[in-house]
Amino acid sequence: MAHTLPAATGFLVSARKGGGQAPGPVFATRGAHESVAEALRNQTFDAVLVHSGSPGDAVARAGDTALVLAGELYNREELLTLLPSGGDVRTDAQLVLALLGIYDLHAFRLLNGRFAAAAALGDRLLLATDHAGSVPLYTLPAPGRVLAATEIKALVPATAGTPPAGRPVADARRVRRVPGVHQVPAGTVLDLDVRTGTAVPHRTWAPALSRRVRSEADATDAVRRTLERAVEARTGGTTPLVVLSGGIDSSGVAALAAAHTDGPLDTLSMGTDTANEFAEARVVATHLGSAHREITVPTADLLGQLPYAIWASESVDPDIIEYLLPLTALYRALDGPARRILTGYGADIPLAGMHREDRLPQLDTAVAFDMATFDGLNEMTPVLSGIQGHWSTHPYWDRDVLDLLVPLEAGLKRRYGRDKWVLREAMSALLPQETVTRPKLGVHEGSGTTSSFSLLLMDAGVPDADVHRAKSLVVREIFDRVVVEGLPPAEVRTADAVHQVAARLKETE
């Protein structure tokens, strides 16, 4: 089955015992909206879907159970083997619903995908994220009514006026300045009782703590094969667009995608007038024969798009925002029809690629810490590309890829003085040698984002020692404007937030 865009890329759902209506939909994700209403025996289940043309495929119902799914599955063929023959499971939503009929909430332990799901059955509402929480999901539970949405801003209207009598959700992060709203943890299904609003969390995936010893040959072969399957599942024989920096992460994805694409692969690079990696990306594009484009975003324009990055990601972590800002600028500059986009984003986390460290205990400590703290940062959210109507996906955070990369002993990740050695070795036959051996450079470094943001603050009078704190304050200020207050990002100026924070810091000196 060829993959176009998923049937739905976001949703707002309402499960309730009595009357009333769900709040009107507010999404950053671009797309048409489709309303769905299912009157079940014990509850009313309504949804508003963000879609690109086939909303019915994102909804499934069997008897007194209804489900909506935003996103897609990548192990569909394996899952089909678990079902009795003769069932109608044409769509991913139908497949998940059929599995729920067999395994109940444990069905979500079987799924490898990029999705958020809501399923109503009896007096229960199940809210589930994929293993990485890569499609963020938020909930506002209260007695008699539970709301859930793939974007915080869709729930904000329900908190206006008197704060709702929401219930706490165990192990879930509360959302800044939006009372009663919690983020569903990654790799978790919440089992909510709609009558009481209480939730019981069930973990469906967790990163491995143990480490496996493999030979060099076995490890590199496994990485090549597993990553190839992840890339193939995300292309489906279509011609995706690959974001290409010329580093080993994105170049490896591009090389594997080219092998599963009819005709030339499409690749795209982004830089600024401060810095770019165009020359390195051209080496790979020429090697693969891809149809390649370069987009230059002036630094002033890049920093001016900070409100869009925060509006899309709904993150308040300044380091994460610096990583995501170049991607946001690239996606917003990408004209034409909606595209399926593959990236090399995320490989550094399980492989400790940003840690230039030869001492293996420290390297493995970094991997364990990063894998334990990624949740809630929204690094992988599809809304970044969704604000232009595109669908992005990240093969390095495929569940099977993570289950392979995370447990590899640290000596396979840093070997012979090279970072991410096992990945470089696995891709060595597919890419030019200069690409395989090229040192790591983060997207925020290759675009000059970090240095430019720092300079903007120092030009406003922020002392060098206070720059990182000031970045955090700027991000929170903009978050409050575009997410909590609901201002359009076009009406929020980065420079205004910078000057407000600089003045506030000066007053406290």
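**Exercise 1.** At what angle do helix 3 and helix 4 pack, and how far apart are their axes? Classify the pair and describe the contact.

*Solution.* The model is predicted.
- Step 1. Locate the elements: helix 3 covers residues 216-235 and helix 4 covers residues 248-258.
- Step 2. Read the geometry. The angle is about 65 degrees, and the axes lie 9 Å apart.
- Step 3. Apply the cut-off: 65 to 115 degrees counts as roughly perpendicular. Helix 3 and helix 4 are therefore roughly perpendicular to each other.
- Step 4. Assign the hand. Helix 3 passes helix 4 in a right-handed crossing.
- Step 5. List the contact. Helix 3 supplies Arg224, Leu227, Glu228, Val231 and Thr235, while helix 4 supplies Val253, Leu256 and Ala257.
- Step 6. Sort these residues by character: five are nonpolar, one is polar and two are charged.

**Exercise 2.** Is Asn378 buried or exposed? Place this residue in the chain and find its contacts.

*Solution.*
- Step 1. Asn378 sits in the loop between helix 10 (360-373) and helix 11 (383-386).
- Step 2. Its relative accessible area is 5%. Buried means under 20%, so Asn378 is buried.
- Step 3. Set aside neighbours within four places in sequence. Asn378 then contacts Pro136, Tyr138, Gln183, Ser313, Glu314 and Leu324.

**Exercise 3.** Which residues of helix 16 are buried? Then check the backbone just after this helix.

*Solution.*
- Step 1. Helix 16 covers residues 449-459.
- Step 2. Its buried residues are Thr449, Ser452, Phe453, Ser454 and Leu457.
- Step 3. Move just past the helix to Gly461. Its phi is positive, at about 100 degrees.

Conventions. Residues are numbered from 1 along each chain as its sequence is written. This is a predicted model: local features need pLDDT of at least 70, side-chain atom pairs count only at pLDDT 80 or more; totals for chains, interfaces and linings use all residues. Side-chain values use heavy atoms; hydrogens and water are left out. Axes are lines fitted to C-alpha atoms, for helices over the stretch in contact, and angles run from 0 to 180 degrees between N-to-C directions. Helices (H or I, at least four residues) and strands (E, at least two) are DSSP runs, numbered from the N terminus. Angles under 35 degrees count as roughly parallel, over 145 as roughly antiparallel, 65 to 115 as roughly perpendicular and the rest as oblique. A crossing is left-handed if the near helix is turned anticlockwise from the far one by less than a right angle, and right-handed if clockwise. Contact means heavy atoms within 4.5 Å. Ala, Val, Leu, Ile, Met, Phe, Trp, Tyr, Cys and Pro count as nonpolar, Asp, Glu, Lys and Arg as charged, and the others, Gly among them, as polar. Buried means under 20% relative accessible area, exposed over 50%, partly exposed in between (1.4 Å probe, protein chains only).
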